[in-house]
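Trainee: Could we go through this model and check how each label is earned?
Mentor: Yes, one label at a time.

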Amino acid sequence: MALYSPRTNGLGNAAAYQVSGKPFLNTENAPASGGTVKEVVFPSVTKQVVVVNNGATGKNVKVAFSAAGVGNAKHFLLAPVADGGQPLVLDVKCTSIFFIGTDGSATPSVSIYAALTSIPPSECYNNWSGTSGV
């Protein structure tokens, strides 16, 4: 006899990543280097994040999954300017991203698209902060 065992929607639930994501769009100004790191918090766990740097040519933006990652020499990605570069596409489950400009005087605009799952952010409570490489 089979017992009914309801499953909760969590990080290991493959079905949550197989369906189309709920759209999340936001445009923010990236602080100039040396400023306070900007965080964008998602209302649920993501399955994909796309970052488009709308800034001027040569004004890259550092993107990471923790505030410490933006300042670390090895734990961030560069979002190139949209004119000459491709959007930064990340197939990741996370609850927020952090970013800052690479130029001391520039504050480039950053557009963020995320495909959200139905998984609550409490399932990924620290956004991988403290994990090696983050």
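**Labels and their grounds**

Mentor: This is a predicted model. In its largest nonpolar core, which has 18 residues, the members that touch the most others are Phe-42, Val-49, Val-51, Val-63, Ile-97, Phe-99 and Ile-112.

Trainee: Which strands supply at least two residues of this core?
Mentor: Strand 3 (46–53), strand 4, strand 6 (88–90), strand 7 and strand 8 (109–116) each do. Strand 8 gives the largest share, 4 residues.

Trainee: What does Ile-112 touch, not counting residues up to four places away in sequence?
Mentor: Its contacts are Phe-24, Leu-25, Asn-26, Val-40, Phe-42, Val-49, Val-50, Ile-97 and Phe-99. Another core, of 5 residues, lies apart from the largest one, and Leu-11, Val-45, Ile-119 and Cys-124 are among its members.

Trainee: Why is Thr-95 called buried?
Mentor: Buried means under 20% relative accessible area. Thr-95 has 8% relative accessibility, so Thr-95 counts as buried.

Trainee: Where is Thr-95, and what does Thr-95 touch?
Mentor: Thr-95 sits in the loop between strand 6 and strand 7. Leaving out residues up to four places away in sequence, Thr-95 touches Val-40, Val-41, Phe-42, Val-45, Pro-121, Cys-124 and Asn-127.

Trainee: How many aromatic pairs does a search of the whole structure find?
Mentor: The search finds 1. The pair is Phe-24 with Phe-42, at 5.2 Å centre to centre and with 85 degrees between the planes.

Trainee: What makes Phe-24 and Phe-42 an edge-to-face pair?
Mentor: Ring centres must lie within 6.5 Å, and planes over 60 degrees apart count as edge-to-face. With 5.2 Å and 85 degrees, Phe-24 and Phe-42 meet both conditions, so the label holds.

Trainee: Why does this pair tie together parts that are apart in sequence?
Mentor: Phe-24 belongs to strand 1 (residues 22–29) and Phe-42 to the loop between strand 2 and strand 3, so the parts tied together are 18 residues apart in sequence. Both Phe-24 and Phe-42 are buried.

Trainee: How do you know that strand 4 and strand 7 pair?
Mentor: Two strands pair if there are at least two bridges between them. Strand 4 (residues 61–64) and strand 7 (residues 96–101) have 4 bridges, so they pair, in the antiparallel sense. Within this pairing, Lys-62 has Ile-100 in strand 7 as its bridge partner.

Trainee: What places Lys-62 over the face of Phe-76?
Mentor: The distance limit to the ring centre is 6 Å. Lys-62 is at 4.7 Å from the ring centre of Phe-76 and lies over its face.

Terms used
Residues numbered from 1 in each chain as written. Predicted model: local features only at pLDDT ≥ 70, side-chain atom pairs only at ≥ 80, totals over all residues. Heavy atoms only, no water. Core = buried A, V, L, I, M, F, W, Y, C linked by side-chain atoms within 4.5 Å. Buried < 20%, exposed > 50% of the residue type's maximum accessible area, 1.4 Å probe, protein only. Contact = heavy atoms within 4.5 Å. Phe/Tyr/Trp six-rings, centres within 6.5 Å; stacked < 30°, edge-to-face > 60°. Lys NZ or Arg CZ within 6 Å of the ring centre and 35° of its normal.
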